[in-house]
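Open the model in your viewer and keep the selection panel at hand. The tour goes from the ligand to a strand and ends at a single residue.

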Amino acid sequence: MSEALLEVDKLCAGYGEMQVLREVGFVVRPGEIVSLVGSNGAGKTTLLRALSGVLPRTGTVRFAGRELTALTAERIFALGLVQVPEGRQLFGQMSVLDNLLMGAYRCRDKKEVQRRLDQAFELFPFLRERRSQRAGLLSGGGQQMCAMARALMAGPKLLMVDEMSLGLAPVIVDKLLDTLSAIRKEGVTVLLVEQDVFSAFSIADRGYVLEMGRVVREGSAKELVEDPEVRRAYLGL
Ligand code: ATP
């Protein structure tokens, strides 16, 4: 088995007195798509924010061979751990193109920025057509594409996607899942955090189930989707 790209151990985080994450541990290996599922309020967004360094946390987070726990969000982003936030959080008044360029703000090499832009437009041809349109005017699916493309413009090693499918029609979700598979083929490792268990496990290699801030199950995507308890709790089967 190859060495982990991301290795999380005994991660705790919360808001003031309220502890949300309780000794969370998991690994993501290079080239994998790993899905982390959990119901509303399980702590998924808190986990991603703790990994990104925007929330105080304890425990250990190793990424690409470095210990991240003491680093700022800015440094973590620069190392290639990049989050696509829940709710997309685009700059609504700015064009699609300017949103994408914002993702590459740290890169001073114009050729490299152009290379990333070409790659983003290849993955999301829809955005190429809409490059001059205000991002806030895109449909929900279009905004999700724009948020994912903006994150790719940062040149991530690991792309963490929060609730990608939220509020989107199944046909759009399927398209985005296909694009995530294509992104992995381009060499980007993916951590997908989802409430929608079926879509999360449809493209994943492995997965974890988070409940009340703890990892309660882990396994291959196939094992998890066939697990009677997962099916009962998350799929209503
Ligand atoms: P969702 O699908 O609703 O986003 P989630 O699994 O991502 O769920 P979190 O958003 O991480 O869950 O929330 C975990 C817990 O932390 C919840 O009880 C929530 O109310 C609480 N929480 C989240 N954000 C904050 C905040 N900014 N301040 C205080 N409590 C918060």
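Before the first stop, sort residues by class: Ala, Val, Leu, Ile, Met, Phe, Trp, Tyr, Cys and Pro count as nonpolar, Asp, Glu, Lys and Arg as charged, and the others, Gly among them, as polar. This is a predicted model, where local features need pLDDT of at least 70 and side-chain atom pairs count only at pLDDT 80 or more, while totals for chains, interfaces and linings use all residues. Numbering starts from 1 along each chain as its sequence is written, and side-chain values use heavy atoms, with hydrogens and water left out.

**Stop 1: the ligand shell**

Select the ligand and the residues near it (one heavy atom within 4 Å). You should get 14 residues, the closest being Asn40, Gly41, Gly43, Thr45 and Thr46. By class, the shell holds 4 nonpolar, 7 polar and 3 charged residues.

Now colour by secondary structure. Helices (H or I, at least four residues) and strands (E, at least two) are DSSP runs, numbered from the N terminus. Which elements each supply at least two residues of the shell? They are β2 (18-28) and α1 (44-52). The largest share, 3 residues, comes from α1.

**Stop 2: polar atoms at the ligand**

Show the side chains of Thr46, Tyr15 and Glu163. Look for polar contacts (pairs of N or O atoms within 3.5 Å). An N or O atom in the Thr46 side chain is 2.5 Å from a ligand oxygen. Tyr15 places a polar side-chain atom 3.3 Å from a ligand nitrogen. For Glu163, a polar side-chain atom lies 3.1 Å from a ligand oxygen. Taken alone, the ligand exposes 620 Å², and the protein buries 62% of that. These areas come from the Shrake-Rupley method with a 1.4 Å probe.

**Stop 3: strand β7**

Select residues 158-162. All 5 of the 5 residues in β7 are buried (under 20% relative accessible area; exposed is over 50%, partly exposed in between; 1.4 Å probe, protein chains only). Leu158, Met160 and Asp162 cover one side, Leu159 and Val161 the other.

Add the neighbours. Strands pair if DSSP finds at least two bridges between them. β6 (residues 81-84) pairs with β7 in the parallel sense over 4 bridges; Val82 has Leu159 as its bridge partner. β7 and β8 (residues 189-194) also pair in the parallel sense, over 5 bridges, with Thr189 as the partner of Leu158.

**Stop 4: Gln19**

Go back to β2 and pick Gln19. Gln19 counts as partly exposed because its relative accessibility is 37%. Draw a distance to Met102: the C-alpha atoms are separated by 33 Å, with the two residues 83 apart along the chain.

How values were computed:
A polar contact is a pair of N or O atoms within 3.5 Å; within protein, one must be able to donate a hydrogen and the other to accept it, and residues adjacent in sequence count only if both atoms are side-chain atoms.
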